[in-house]
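Welcome! Here are some exercises to work through at your own pace, each with a solution in steps.

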Amino acid sequence: MADGEAGAYREFKALAEAADRKFARARDLPLYGGGDHHSRKAFKAYTRLWRLQQERRRELVAGGLRRWEIGEVASRIGQLYYARYLRTAEPRSLVGAYVFYEAIYSRGYFGAAAGAEGGGRHQALLIRYKELRFIARFLVVAMLMRRAEAVDHLAGRLRAFVEESKVAYPKTNFKEWKQVLQELGRFLKADGAYKGSRSLRYDNLFDSYPSNLASIARFHSKRVLKLKEAVLTSYRRNEVKFTELTLDTFRMLQCLEWEPTGSYQIAAKELTENGTVSDQSGPSGLIDIHLSAEISDGGLPSNPQKAIIYHPTVSHLLAVLATICEELSQDSILLIYISASGSAEQNMASQKYASSSSSHARAASFPIDKPNSHMSSDNHLWLGPRGSGGPNNLYPEDLIPFTRYPLFLVIDSENSHAFKAGLSELNLGL
């Protein structure tokens, strides 16, 4: 091994360690409020690392660079793009995550590394875990992009890979991945009923009603408000979810986005199908993606930023709302979507009804009533595990401080009537 090759690999490892530290800081920050500068620093570090492996890949491979290390860098870049999408709601960032994940998967970076390279059985197991987590992340991005064929393929691959791992490592417990597969099966079954229907995203062609334009114009003559921020959360027992994305928030997330127009769809399709590979002959399997190309949809307004909170406590939810309101401009509307039961003992029938009905939430500008909701005397939502106490009750009065700004509230619960009655006398600014 030449000194130049060893030096190039040492430089790569040093840059990778520095990038990993920046990535850890960016990953640990919540996807709302401040923190963009940590994400930008991580992007800059991984961009430098990526360029190094592009420009000196022959030296790096000769110096000891392994395929799974390149896959790890590409996976981190994909995660940063996905985090940027969650933070900013830019469709371009979601496309970026998909491009990197698709390229990693098609090259088999982790699979080839685990099967062909040395390093011992323990390292091979660690790489196998990396691939399992990578496929799960790729599945989430593919589901958000409504790539049905890719989702079906990846789901099948994840099931097969878990079985292969159990056979290859019989002494290793893959129980948690068995649970992941069960969650995935429930999620895809629940979401499968909507495969044939058009997207839940707002389509300017189909969802605009000319008869409403006059009313909107009169409203805008007094005050022009824009939906800038949304907080989406759910807390139910045995709810349908995959990773930390519940079916309710998954559907609502799409309902708050614009359906890209034809020009953007063509650009995104060309990028994902034709812009992923510039060279497959080299030992590193170079990925050369030019995401600096403008693929944003200039014909549509920007999507509102969304904070997705999984199973929050009441205090956590209120803290998030307070943080977001601190940065909300005077012309902004804050949307709060909460899917939760009104009691810790809610039965499974109510849970299934709540999950299926959430897909219709975008058409409602008021809390969603459930059958027999007014038969209950409860006046709160339950955000907590079974058997927990009163501090996990969310009351309508808890949201009063946030009505200083225009507020759009969607309550998906059998106790939604409590919020409808409790807030009917409040001035929500709308």
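**Exercise 1: A salt bridge across the chain**

In this predicted model, the side chains of R56 and E11 form a salt bridge, at 3.2 Å from N to O. Find where each partner sits, and decide how accessible each one is.

Solution. Start with the positions: R56 lies in the loop between α2 (36-55) and α3 (57-63), while E11 belongs to helix α1 (residues 3-28). The two are 45 residues apart, and the pair links distant parts of the chain. Next, take accessibility, where partly exposed runs from 20% to 50%. R56 has a relative accessible area of 26%, so R56 is partly exposed. E11 has 32%, so E11 is partly exposed too.

**Exercise 2: A pair at a cavity**

Are K306 and E257 buried or exposed, and which cavity do they help to line?

Solution. First, the contact: the side chains of K306 and E257 meet in a salt bridge of 3.3 Å, N to O. K306 is in strand β4 and E257 in the loop between α11 (247-255) and α12 (262-274), 49 residues apart. Both K306 and E257 are buried. Then look at the space beside them: K306 and E257 line the second largest cavity, together with Y85, L86, A89, L253 and I308. Its volume is about 40 Å³. By class, the lining has 5 nonpolar, no polar and 2 charged residues.

**Exercise 3: Counting and linking**

How many salt bridges are there, and which residues are linked in a network?

Solution. The count comes to 15 salt bridges. For the network, look for D20, E72, R76 and K130, which are linked by salt bridges.

How values were computed
Residues numbered from 1 in each chain as written. Predicted model: local features only at pLDDT ≥ 70, side-chain atom pairs only at ≥ 80, totals over all residues. Heavy atoms only, no water. 1 Å grid on protein atoms, 1.4 Å probe; cavity = no way out; pocket = protein on both sides within 12 Å on 5 of 7 lines; lining within 4 Å. Points joined across faces, edges and corners; volume = space filled by probe spheres on them. Nonpolar A, V, L, I, M, F, W, Y, C, P; charged D, E, K, R; others polar. Salt bridge = Lys/Arg side-chain N within 4 Å of Asp/Glu carboxyl O. Helix = DSSP H or I, 4+ residues; strand = E, 2+ residues; numbered from the N terminus. Buried < 20%, exposed > 50% of the residue type's maximum accessible area, 1.4 Å probe, protein only.
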